[in-house]
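Here is a friendly walk through a small protein model, meant to be read with the sequence and the structure side by side. Have both ready before you go on.

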Amino acid sequence: MAYQCPRCGGLVQRGSSTTAGVAGGAAGALLYGAFGPLNCNHCGKIAKSEFPPDVQRKLTLGSIGMVLIAAGLIAVVITLLVVFQK
Ligand SMILES: [Zn+2]
(Lines give C-alpha, C1' and ligand atoms only; values in the text may rest on other atoms or scores of the structure.)
Protein backbone atom coordinates (compact mmCIF):
# COMPACT_ATOMS: atom_id res chain seq x y z
CA MET A 1 0.00 0.00 0.00
CA ALA A 2 1.71 3.18 -1.14
CA TYR A 3 0.45 6.75 -1.37
CA GLN A 4 1.73 9.90 -3.03
CA CYS A 5 3.50 12.48 -0.89
CA PRO A 6 1.59 15.82 -0.82
CA ARG A 7 4.89 17.72 -0.55
CA CYS A 8 7.28 16.13 -3.06
CA GLY A 9 5.06 13.70 -5.00
CA GLY A 10 7.20 10.74 -3.95
CA LEU A 11 6.02 7.51 -2.42
CA VAL A 12 4.72 7.51 1.14
CA GLN A 13 4.37 4.38 3.21
CA ARG A 14 2.65 3.57 6.45
CA GLY A 15 5.00 3.75 9.38
CA SER A 16 6.19 0.62 11.07
CA SER A 17 7.47 0.21 14.57
CA THR A 18 9.63 -2.68 15.74
CA THR A 19 8.76 -1.78 19.34
CA ALA A 20 5.03 -2.06 18.65
CA GLY A 21 5.68 -5.30 16.79
CA VAL A 22 7.60 -6.81 19.70
CA ALA A 23 5.12 -5.62 22.32
CA GLY A 24 1.91 -6.61 20.56
CA GLY A 25 3.06 -9.05 17.91
CA ALA A 26 1.56 -8.82 14.45
CA ALA A 27 -1.59 -7.16 15.81
CA GLY A 28 0.44 -4.43 17.52
CA ALA A 29 2.42 -3.73 14.36
CA LEU A 30 -0.81 -3.56 12.33
CA LEU A 31 -2.43 -1.13 14.77
CA TYR A 32 0.65 1.07 14.75
CA GLY A 33 0.59 1.03 10.95
CA ALA A 34 -3.11 1.95 10.96
CA PHE A 35 -2.81 4.92 13.33
CA GLY A 36 0.85 5.93 13.23
CA PRO A 37 2.29 8.65 11.00
CA LEU A 38 3.10 8.01 7.35
CA ASN A 39 6.65 8.21 6.12
CA CYS A 40 8.02 9.85 2.98
CA ASN A 41 11.55 8.86 1.98
CA HIS A 42 12.36 12.53 1.29
CA CYS A 43 10.26 14.56 3.75
CA GLY A 44 9.99 12.22 6.72
CA LYS A 45 6.76 11.93 8.67
CA ILE A 46 3.60 13.25 7.02
CA ALA A 47 0.39 13.94 8.93
CA LYS A 48 -2.80 12.49 7.47
CA SER A 49 -4.31 16.01 7.35
CA GLU A 50 -1.70 17.02 4.74
CA PHE A 51 -3.17 14.62 2.20
CA PRO A 52 -6.00 15.64 -0.14
CA PRO A 53 -9.51 14.66 1.14
CA ASP A 54 -9.97 11.71 -1.24
CA VAL A 55 -6.64 10.21 -0.16
CA GLN A 56 -7.55 10.78 3.50
CA ARG A 57 -10.73 8.76 2.88
CA LYS A 58 -8.67 5.90 1.43
CA LEU A 59 -6.28 6.09 4.37
CA THR A 60 -9.18 5.88 6.81
CA LEU A 61 -10.68 2.89 4.96
CA GLY A 62 -7.26 1.23 4.95
CA SER A 63 -6.93 1.84 8.68
CA ILE A 64 -10.32 0.25 9.34
CA GLY A 65 -9.26 -2.79 7.30
CA MET A 66 -6.02 -3.08 9.27
CA VAL A 67 -7.89 -2.79 12.58
CA LEU A 68 -10.27 -5.58 11.47
CA ILE A 69 -7.30 -7.79 10.56
CA ALA A 70 -5.66 -7.02 13.93
CA ALA A 71 -8.93 -7.82 15.75
CA GLY A 72 -9.17 -11.07 13.79
CA LEU A 73 -5.62 -12.02 14.78
CA ILE A 74 -6.34 -11.29 18.45
CA ALA A 75 -9.55 -13.37 18.25
CA VAL A 76 -7.63 -16.31 16.72
CA VAL A 77 -4.94 -16.12 19.43
CA ILE A 78 -7.55 -16.00 22.22
CA THR A 79 -9.46 -18.92 20.65
CA LEU A 80 -6.26 -20.98 20.41
CA LEU A 81 -5.39 -20.19 24.05
CA VAL A 82 -8.85 -21.27 25.23
CA VAL A 83 -8.77 -24.45 23.12
CA PHE A 84 -5.33 -25.51 24.33
CA GLN A 85 -6.14 -24.88 28.00
CA LYS A 86 -8.65 -27.74 28.06
ZN1 LIG B 1 7.82 13.80 0.31
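Let us begin with Pro53, which counts as exposed because it has 7 C-beta neighbours inside 10 Å. The cut-offs are these: a residue is buried if 20 or more other C-beta atoms lie within 10 Å of its own, exposed if 12 or fewer, and partly exposed in between, with C-beta atoms placed from the backbone. Pro53 lies in helix H2.

A word on the model itself. This is a predicted model, in which local features need pLDDT of at least 70 and side-chain atom pairs count only at pLDDT 80 or more, while totals for chains, interfaces and linings use all residues. Residues are numbered from 1 along each chain as its sequence is written. The pLDDT is the predictor's confidence in each residue, from 0 to 100. The protein chain averages 88, and 99% of the residues score at least 70. Confidence is lowest in helix H1, with a mean of 80, and highest in helix H2, at 93.

**The two helices**

Helices (H or I, at least four residues) and strands (E, at least two) are DSSP runs, numbered from the N terminus. The expected span of a helix is 1.5 Å times one less than its number of residues.

| Helix | Number of residues | First to last C-alpha | Expected span |
|---|---|---|---|
| H1 | 18 residues | 15 Å | 26 Å |
| H2 | 33 residues | 48 Å | 48 Å |

Where does H1 bend? The bend, of about 140°, is at Gly24; a bend is the angle between axes fitted to the seven residues ending at a residue and the seven starting there. The ends of H1 fall short of the distance that a straight helix would reach. Seven names make up its buried set: Ala27, Ala29, Leu30, Leu31, Tyr32, Gly33 and Ala34. The buried residues of H1 pack against E2 and H2.

H2, in contrast, reaches close to its expected span. H2 is hardly covered, with two buried residues among its 33. Along H2, the C-alpha atoms of Pro53 and Ile64 are 17 Å apart, with their positions 11 residues apart in sequence. Ala75 is also found in helix H2, and Ala75 counts as exposed because it has 11 C-beta neighbours inside 10 Å. From the C-alpha of Ala75 to that of Gly25, 50 residues away along the chain, the separation is 13 Å.

**The sheet**

Now for the strands. Four of them form an open antiparallel sheet in the order E1-E2-E3-E4; two strands pair if DSSP finds at least two bridges between them. Strands E1 (2-4) and E4 (44-46) stand at the edges with a single partner strand each, so one side of each is left without a neighbour in the sheet. From one strand to the next, the twist averages 40°.

E1 and E2 pair over three bridges, and they form a hairpin with six residues between them. Gly9, in the turn of that hairpin, has a positive phi of about 80°. Three bridges also join E2 to E3, and E3 (residues 38-40) pairs with E4 over three bridges.

Val12 is a handy place to follow the sheet across. Tyr3 stands opposite Val12 in E2, and Val12 stands opposite Cys40 in E3. Cys40 in turn has Gly44 of E4 as its bridge partner.

In a regular strand the side chains alternate between the two faces of the sheet. E2 shows the alternation: Val12 and Arg14 point to one face and are buried, while Leu11 and Gln13 point to the other and are not.

**Around Cys5**

Is Cys5 buried or exposed? Cys5 is buried, because 20 other C-beta atoms lie within 10 Å. Its place is in the loop between E1 and strand E2 (11-14). Not counting residues up to four places away in sequence, Cys5 touches Gly10, Leu11, Val12, Cys40, Cys43 and Ile46; a contact needs C-beta atoms, placed from the backbone, within 7 Å of each other. The C-alpha atoms of Cys5 and Asn41 are separated by 9.3 Å, although 36 residues apart along the chain.

Conventions
Axes fitted to C-alpha atoms, helices over the stretch in contact; angles between N-to-C directions. Contact = placed C-beta atoms within 7 Å.
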